[in-house]
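Hi,

Here is the structure I promised to pass on. Have a look at it first, and then read on for what turned up.

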Amino acid sequence: MYSWMHPSLEVRENGTFGKGIYAVSNVPKGECLTIFGGYVMSLKDEERLPGQIVDYAHQISDTHAIGINREEDVQPVDHYNHSCEPNAGFRGQIVLEAMRDIAANEQVTFDYAMTLAEAPGIKLYELACECLTPSCRKVVTDSDWRLPEIQARYLGYFQLYIADKIEKLNS
Ligand SMILES: [Zn+2]
């Protein structure tokens, strides 16, 4: 296991998404939920990962991602799902934090817009979203961080490299 997960969280089966991360008991806003570890790999190498694990790594810069690179290394933290109305966000590059109080039995999610950005030579990411929240964008892509309403909503919770891009874009 390469990552740390808060003891109040666990993996549960979820009809829609296969598996998800759920709170076992209440977790207050600001709590560190996960510290992601793993192999640091280029986005090119990440693209070539087999099967499901291609979706498990987190992009942490314009050129690199962190995560597992072998199916036998799948860890609990690899089962976080996307939501267009998430309750968790990134602090820096590898820390996931509660954006608000999370109640027992709530699923813990983040928005892929917080971690994904287009990179030269890497194929564009597109996810048909079925999170069913009122804010659902239906299609999640790696250019969603450019949307002003997304920038406003997740201020302080983007991957550091995306926060830098936003600052540059808006200065
Ligand atoms: Zn959605």
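Gly51 sits in the loop that links α1 (43-47) to β6 (58-59). Bear in mind that this is a predicted model. Is Gly51 buried or exposed? Gly51 counts as exposed because 8 other C-beta atoms lie within 10 Å of its own, and the cut-off for exposed is 12 or fewer. There is also a link across the sequence here: Gly51 and Glu71 are 20 residues apart along the chain, while their C-alpha atoms are 8.1 Å apart in space.

Now to the strands. β2 (residues 9-14) runs antiparallel to β3 (residues 18-23), and six bridges join the two. Within this pairing, Asn14 is found opposite Gly18 of β3. β3 also pairs with β11 (residues 107-110), again in the antiparallel sense, over two bridges. Here Ile21 has Val108 of β11 as its bridge partner.

Val108 comes up again in the interior. The largest nonpolar core holds 33 residues, and Val108 is among those with the most contacts inside it, together with Leu9, Ala88, Ala113, Met114, Tyr157 and Phe158. Which elements give two or more residues to this core? They are β3, β7 (64-67), β9 (88-91) and β11.

Ala88 is worth a click in your viewer. Leaving aside residues up to four places away in sequence, Ala88 touches Leu33, Leu96, Glu97, Ala98, Met99, Val108, Thr109 and Phe110. Val108 is thus a neighbour of Ala88 as well as the bridge partner of Ile21.

Happy to talk it through over coffee.

Best wishes

Notes:
Residues numbered from 1 in each chain as written. Predicted model: local features only at pLDDT ≥ 70, side-chain atom pairs only at ≥ 80, totals over all residues. Pairing = 2+ DSSP bridges. Helix = DSSP H or I, 4+ residues; strand = E, 2+ residues; numbered from the N terminus. Core = buried A, V, L, I, M, F, W, Y, C linked by C-beta atoms within 7 Å. Buried ≥ 20, exposed ≤ 12 C-beta atoms within 10 Å, placed from the backbone. Contact = placed C-beta atoms within 7 Å.
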